[in-house]
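Work through the following exercises with the sequence and coordinates at hand, and try each task before reading its solution.

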Amino acid sequence: EPFLHACSKVQKLITVPLNPMDSFLLARGLRTLDVRMQRHGENAIKVARMLEEHPMVATVYYPGLDSHPDRYLADQVFSSGKDVDSEDDEWKQSYGGMISFITVGEGEEALRRARNVCERLRVVNLAVSLGGVESLVEHPASMTHTMIPREQRLAGGLHDGLIRLSVGLERAKDLVEDLKNALDLCDEDGCDLE
C-alpha cells in the first residue's frame, strides 16, 4: 500500500507517460508545428486588420497590430520558429493565432451582438476550448463565464461583448469573409437572450 500511494503521488506530480500511439502522434505533429504556427499567424493578422476596421468592433486585442499597446514587446517575444542567427529576409514575423475583440455597445446590446456574431459564423466553429487547427470562437459572457454574476465579470475586465477567436489554418479570405458577414448581420434578429 505505501508503494501504490507513492506511485500515485509521482503520477500527480509528473503525470503519466504517453502511450505509444499518443507519443507517435505527438512526434509526428511536432514536425509541422512551425509551419502550422506560421499559417496561424499569417491568417490572424489579416483577420485582426479587418476586425480593427469594422464599424461593429469597438476594440481588437492582437499583439501584431500597430495599435496594440505591447506591440514592441511582442516583436521581441514572438518568433514563430525563426532561427536566432538566421539572415532570412523573407521570414515574416508572426504573432500567433489568438485574437480577442469587443463588439460595439454596452450591456444587453453588446451581449446580443456578440452572441449573434458567434451564431452567424459558418467557417469558424463555436467551441469552449480554443486552439485547434480549425478556427474556433467563444463568447465568454454567455458560455464559459455565464455563471459569474455580470457585476463580477465586468469588475474583472470581461466585457459583455468580448469574443475570443482562435484563428485556424483555413484560407484567410474565407475567415475574413465569414467574420465580416457575421458582424454585418449582428444587429438582425438571431439569438434570444434569456
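**Exercise 1.** In this predicted model, decide whether Ser100 is buried or exposed, and list the residues that it touches.

Solution. Begin with the relative accessibility of Ser100, which is 18%; because buried means under 20%, Ser100 counts as buried. Next, place Ser100 in its element, which is strand β2. Finally, leaving out residues up to four places away in sequence, collect the contacts of Ser100, which are Thr59, Val60, Tyr61, Leu162, Ile163 and Arg164.

**Exercise 2.** Determine how many residues the largest nonpolar core has and which element gives the most to this core.

Solution. The count for the largest nonpolar core is 30 residues, and those with the most contacts inside it are Val47, Leu51, Val60, Tyr62, Ile99 and Leu165. Sorting by element, two or more residues come from each of α3 (33–53), β1 (57–61), β2 (98–103), α5 (107–120), β5 (162–166) and α7 (172–184), and α3 gives the most, with six residues. For a local view, take Val60, whose contacts, not counting residues up to four places away in sequence, include Ala48, Leu51, Leu65, Ile99 and Ser100.

**Exercise 3.** Establish where around the axis of α7 its buried residues lie, and what covers them.

Solution. First check the span: α7 has 13 residues and reaches 18 Å from its first C-alpha to its last, close to the 18 Å expected at 1.5 Å a residue. Then list the buried residues of α7, namely Ala172, Leu175, Val176, Asp178, Leu179, Ala182 and Leu183. These cover an arc of only 165 degrees around the axis, so they are on the same side of α7. Their cover includes α3, β1, β2, α5 and β5.

Note on methods. Residues are numbered from 1 along each chain as its sequence is written. This is a predicted model: local features need pLDDT of at least 70, side-chain atom pairs count only at pLDDT 80 or more; totals for chains, interfaces and linings use all residues. Side-chain values use heavy atoms; hydrogens and water are left out. A nonpolar core is a set of buried Ala, Val, Leu, Ile, Met, Phe, Trp, Tyr and Cys residues joined through side-chain atoms within 4.5 Å. Buried means under 20% relative accessible area, exposed over 50%, partly exposed in between (1.4 Å probe, protein chains only). Helices (H or I, at least four residues) and strands (E, at least two) are DSSP runs, numbered from the N terminus. Contact means heavy atoms within 4.5 Å. The expected span of a helix is 1.5 Å times one less than its number of residues. The arc is that of the directions from the helix axis to the C-beta atoms.
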